[in-house]
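Thanks for coming. I have one model to go through today, and I will spend the time on empty space and on packing.

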Amino acid sequence: MNDRMKRTPVTEQAPEVRAKNFKEVCLGYNEDDAMKEANRCLNCKNPKCVEGCPVSINIPGFISKAKIGNFEGAAREIAKYSALPAVCGRVCPQESQCEGNCVLGIKGEAVAIGKLEMFTADWSRKNKVDLSQTEPSKGKKVAVIGSGPAGLTCAGDLAKKGYDVTIFEALHEAGGVLVYGIPEFRLPKDEVVKAEIENIKKLGVTIETNVIVGRTITIDQLIEDEKFEAVFVGSGAGLPKFMGIPGENANGVFSANEFLTRVNLMKAFKEEYDTPVKAGKKVAIVGGGNVAMDAARTALRLGAEAHIVYRRSESELPARAEEVHHAKEEGVIFDVLTNPTEILTDENGWVKGMKCVKMELGEPDASGRRKPVVKENSEFVLEVDTVIMSLGTSPNPLISSTTKGLEINGRACLVANEDGLTTKEGVYAGGDAVTGAATVILAMGAGKKAAAAIDEYLSR
Ligand SMILES: Cc1cc2nc3c(=O)[nH]c(=O)nc-3n(C[C@H](O)[C@H](O)[C@H](O)COP(=O)(O)OP(=O)(O)OC[C@H]3O[C@@H](n4cnc5c(N)ncnc54)[C@H](O)[C@@H]3O)c2cc1C
């Protein structure tokens, strides 16, 4: 492979070092490496990378500026499309989106679009580039529920168009999964997430935290009493699923969301914080998705031996290949083709082990993946003192059950059309609340579409 076909390598903390700290794993490019990598881009006439981006960033446009060291210009180009570039550069599944479509990837390695986006956004933050540009006020109020990527994007786009936007957030901090779910070592909170939220606030967006819509105030009250003319619901899918096996209520069993929230949002990994979290000596993380990888790598950093327990084989793991690779490098143990049947407890009700069976792969099921079936006489006990269930999440029904005329489907997701319009006039929705657990960029794409539709609705 000639040099043009190979990526400029990016530096990372060594696995044995990072497995013991919460600092960011990827150290990113410096200016020279960013320009070198940008110069690999062929500036295709018909750029397939843009088609692969759910918010259609002009990727060759920003890269052509980075090529010549005009990083401010590159940041301004990205800001036309995305309010969270430092986040997306770090957590988007680029390999199946922009980079997955890059023509260089056919015979060699795709341009490192994600790492270039991360570099550009970090450069613009460090150099205090002001990206806030808004139209004159329209004098119309819009309420946004939830401050995850869907809500933040919708709010930012509407504020740019001159709407008076207030975000209502249930937690004490804004950011949704970006602050409570994705660990610090993949996405630094103070330096990256909070800084991008500050940029959205600079557009004029107000964020009211500690407001649980459906309890503190309802959507109907926001419209009738508080005179909001449109509402966007971006309340995510934060309700964890469990297996329903005996012992799941024992002390020492967490949902991945609870475990990660305690560590990320409540800073349980810092000595000066007194948030309780018990990672134990040996932890089983049940599930094979990205959330399971995050929980395992977090447990490992808290000093535990971390086991991923997954019922299919390694090739069916739903987590991103990069996450699995990083987890393995750091020492996470993968117990695949293994399914828990019962959680065993000691006389005080604490976890002391997990009964499991070994599995085999049978015929493909409805999802097209080979169905795991129990191997006969394969029962064994995995001795663990903590279990983290990471089996997916669904939307919390609080909002739909407290709003007149807001319908949900059989998966508890809000029913909305292509533009995000729900079954209630003036109420739009997007992100995980509509799709179920998905990705940051899809939530952002939905927030963008809904902002355009709300603008059209309020301009009539
Ligand atoms: C651990 C973990 C790791 C992940 N890793 C990745 C990754 O690497 N890459 C990727 O692309 N995606 C990842 N995801 C998925 C991604 O984070 C989500 O798809 C995305 O955050 C969804 O955005 P959202 O805005 O729809 O919802 P959320 O981010 O869930 O935000 C919803 C917000 O609404 C608030 N809220 C809920 N109910 C109410 C209410 N009644 N009143 C007021 N506020 C309310 C919540 O507190 C929350 O702040 C991960 C998810 C998890 C859990």
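**Cavities, a pocket and helix 4**

The largest cavity in this structure has a volume of about 170 Å³. Its lining is made of 16 residues, and those closest to its centre are Cys26, Arg90, Arg186, Glu322 and His326. Helix 6 (85–91), helix 8 and helix 15 (321–330) are the elements that give two or more residues each to that lining. Sorted by class, the lining of the largest cavity has 8 charged, 5 nonpolar and 3 polar residues. I should say here that this is a predicted model, so please take everything I show as computed from the prediction.

How many cavities of 30 Å³ or more does a search of the whole structure find? The count is 3.

The second largest cavity has a volume of about 140 Å³. It too has a lining of 16 residues, and here the ones nearest the centre are Cys41, Leu42, Cys44, Cys49 and Cys102. Two elements, helix 3 and helix 4, give two or more residues to the lining of this second cavity. Helix 4 supplies the largest share, with 3 residues. By class, the lining of the second largest cavity has 13 nonpolar residues, 2 polar and 1 charged.

That brings me to helix 4 itself. The helix runs over residues 59–67, and 7 of its 9 residues are buried. The buried ones are Ile59, Pro60, Gly61, Phe62, Ile63, Ala66 and Lys67. What do they pack against? Their partners are helix 2 (31–38), helix 3 (48–51), helix 5 (71–79) and helix 8 (113–126).

Now the two ends. At the N-terminal end of helix 4, asparagine 58 acts as a cap, with a side-chain oxygen 2.9 Å from the backbone nitrogen of glycine 61. After the helix comes glycine 69, which has a positive phi, near 80°.

Next, the core. The largest nonpolar core has 73 residues, and the members that touch the most others are Ile59, Phe62, Ile63, Val87 and Ile454. Helix 18 (residues 440–459) gives the most to this core, namely 10 residues. As noted a moment ago, Ile59, Phe62 and Ile63 are among the buried residues of helix 4.

Which residues does valine 87 touch, leaving out those up to four places away in sequence? They are Leu178, Leu187, Val192, Val193, Glu196 and Val440. Another core lies apart from the largest one; it has 25 residues, including Phe259, Ile308, Tyr310 and Phe334.

Last, a pocket. The second largest pocket holds about 560 Å³ of space. Its lining has 26 residues, with Ala79, Asp130, Leu131, Ser132 and Asn199 nearest the centre. Helix 5, helix 8 and helix 11 (189–202) each supply at least two residues of that lining, and helix 11 has the largest share, with 6. The lining of this pocket divides into 11 nonpolar, 9 charged and 6 polar residues.

To go back over the helices: helix 8 packs against the buried residues of helix 4, gives two or more residues to the lining of the largest cavity, and supplies at least two residues of the lining of the second largest pocket. Helix 5 also packs against the buried residues of helix 4 and also contributes at least two residues to the lining of that pocket. That is what I have; I will take questions now.

Note on methods: Residues are numbered from 1 along each chain as its sequence is written. This is a predicted model: local features need pLDDT of at least 70, side-chain atom pairs count only at pLDDT 80 or more; totals for chains, interfaces and linings use all residues. Side-chain values use heavy atoms; hydrogens and water are left out. Buried means under 20% relative accessible area, exposed over 50%, partly exposed in between (1.4 Å probe, protein chains only). Helices (H or I, at least four residues) and strands (E, at least two) are DSSP runs, numbered from the N terminus. Contact means heavy atoms within 4.5 Å. A polar contact is a pair of N or O atoms within 3.5 Å; within protein, one must be able to donate a hydrogen and the other to accept it, and residues adjacent in sequence count only if both atoms are side-chain atoms. A nonpolar core is a set of buried Ala, Val, Leu, Ile, Met, Phe, Trp, Tyr and Cys residues joined through side-chain atoms within 4.5 Å. On a 1 Å grid over the protein atoms alone, a cavity is a set of points where a 1.4 Å probe fits but cannot get out, and a pocket is an open set with protein on both sides within 12 Å along at least five of seven lines; lining residues have an atom within 4 Å of a point. Grid points are joined across faces, edges and corners, and a volume is the space filled by probe spheres set on the points. Ala, Val, Leu, Ile, Met, Phe, Trp, Tyr, Cys and Pro count as nonpolar, Asp, Glu, Lys and Arg as charged, and the others, Gly among them, as polar.
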